[in-house]
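Colleague: Could you take a close look at one part of this model for me? I would like to hear about one helix and its surroundings, in whatever order suits you.

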Amino acid sequence: MGAGTEPAEAQCDSLEGRIYLDYNATTPLAPEVSQAVWDAMCQAWGNPSSSHPAGSKAKELIGSARQSLANMLGGRPEDIVFTSGGTEANNMVIHTACRHFHDSQRGTGNSQGIPHIVTSSVEHDSIRLPLEQLGKEGLAEATFVPVSPRSGQAEVDDVLAAIQPNTCLVSLMLANNETGVIMPVAELSQRVCALNRRRAAQGLPRILVHTDAAQMIGKGRVDVQELGVDYLTIVGHKFHGPRIGALYIRSPGTATPLHPMLFGGGQERSFRPGTENTPMIAGLGQAAELVNKNWEAYEAHMRDVRDYLEATLEVSFGKQRIRFNSHFKGSKRLCNTCNFSILGPGLQGRRVLAHCKVLLASVGAACHSDKGDRPSPVLLSCGVPPEVAQNALRLSVGRGTTRADVDRAVQDLVQAVEQLERDQAP
């Protein structure tokens, strides 16, 4: 097998006639990304810390990928730190905020107790669970602000109302993975910035602002200057990249604190030590390049297909039987996400999917796939009635999804529902 040929020809997303509509869970590698990973494995295998040519080539490739990610976000390459994925990046932010809180309290004679963090009730588990664990250990406290049933958003006023004197971090996802609702992160950053000026005069700790942008990248514009955040989480496998991630930090170690969770060889300026995974970093850089060049076309295509999907569902089941759980008046949402329930007894989302022969999708977040028929906490938080939420399905289209795919998927759903209803008939 020669370098530079095989991966680009491979069909990474071949599903043998099935229709995959679970792109919010993960995406296949783009052919260009597969090629970049393969080329790096074959041609840039040196240790990036070595001074000889093999190491220099790997180091150069990592630098190029860092620049591509910075371009994608409107930041600078020195603001990017590579991580194993989104979970590590999110945990690093929480760890840093708590550490910075304690550092800022030393020697001031103005102790504020333990650090306090504000987040929303619909965050990913890699935010929620670390905060719950810190709470159990008595190391931090957290407030989980409920989203508004009217907007599906964590409202800025509600988030600000949860801030306490010992608050050190506000973390709000950029877009929700189940409903697709886009959160008011830019407005929140502006309000927290103004609040921080008043807090500084009172001797209170600075509040850092973080957003998990896992679902937004590749589906819409993401600009860290417009968002005004201190930290932003990047997850490669959500935009046709490999399963690694990165963390954007606004001027790490100077304007914005960043404390390592690991200690070792000093890679990534000692913020994230460990010999760099050059092939995966190369793939992440290539995925970012594709977004840089094509995000507007990706967004337009996915929105068109998503809108066609929703129209086809209404026609196929009737408006009275379909409830769109991702529609909130006045709120923007991801271009590719459709969360809906087919109303009727015995039509729980898992049961419907189990009877589908073509469609591959989820009832919600893939990391909650073991929760049985319990309604999604995210949907319940958004005010969706339990009997509707338990019937929910999340279909998320991708760059390559076509209207013909939608027709087949909806036909499959119709047949699955008909089969379930026949089985329930007396």
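Modeller: Happy to, and please keep in mind that this is a predicted model. Let me start from serine 68, whose contacts, once neighbours within four places in sequence are set aside, are Gly285, Ala288, Glu289 and Asn292. Serine 68 itself sits in helix H3, which covers residues 53–73. Its relative accessible area is 7%, so serine 68 counts as buried.

The helix I would follow from here is H9, residues 278–317, whose axis comes within 8 Å of the axis of helix H2, residues 31–43. Those two axes cross at roughly 150 degrees. An angle over 145 degrees counts as roughly antiparallel, and H2 and H9 are therefore roughly antiparallel to each other. The crossing in which H2 passes H9 is right-handed. On the H2 side, the contact is made by Glu32, Val33, Ala36, Val37, Ala40 and Met41. Facing them in H9 are Thr278, Pro279, Met280, Ala282, Gly283, Gln286, Ala287 and Leu290. By type, the residues of this contact of H2 with H9 comprise ten nonpolar, three polar and one charged.

Now for the interior. The largest nonpolar core has 91 residues, and those touching the most other members are Leu73, Leu232, Ile234, Leu313, Phe340 and Leu413. H9 gives the most to this core, with twelve residues. For leucine 313, leaving aside neighbours within four places in sequence, the contacts are Gly318, Ile322, Phe324, Cys338, Phe340, Val410 and Leu413. There is also a second, separate core of 21 residues, including Leu134, Leu208, Ile249 and Leu258. As background, nonpolar side chains in soluble globular proteins tend to be buried together.

Finally, a word on the loop that leads to H9. Serine 251 lies in the loop between strand S8 (245–249) and H9, and glutamate 268 also lies in the loop between S8 and H9. Serine 251 is not a glycine, yet it has a positive phi of about 55 degrees. Glutamate 268 is likewise not a glycine, and its phi is positive at about 50 degrees. With a relative accessible area of 18%, serine 251 is buried. Glutamate 268 has 8% relative accessibility and so counts as buried too. If you are checking backbone angles, those are the two loop residues I had in mind here, serine 251 and glutamate 268.

Notes
Residues are numbered from 1 along each chain as its sequence is written. This is a predicted model: local features need pLDDT of at least 70, side-chain atom pairs count only at pLDDT 80 or more; totals for chains, interfaces and linings use all residues. Side-chain values use heavy atoms; hydrogens and water are left out. Axes are lines fitted to C-alpha atoms, for helices over the stretch in contact, and angles run from 0 to 180 degrees between N-to-C directions. Helices (H or I, at least four residues) and strands (E, at least two) are DSSP runs, numbered from the N terminus. Angles under 35 degrees count as roughly parallel, over 145 as roughly antiparallel, 65 to 115 as roughly perpendicular and the rest as oblique. A crossing is left-handed if the near helix is turned anticlockwise from the far one by less than a right angle, and right-handed if clockwise. Contact means heavy atoms within 4.5 Å. Ala, Val, Leu, Ile, Met, Phe, Trp, Tyr, Cys and Pro count as nonpolar, Asp, Glu, Lys and Arg as charged, and the others, Gly among them, as polar. A nonpolar core is a set of buried Ala, Val, Leu, Ile, Met, Phe, Trp, Tyr and Cys residues joined through side-chain atoms within 4.5 Å. Buried means under 20% relative accessible area, exposed over 50%, partly exposed in between (1.4 Å probe, protein chains only).
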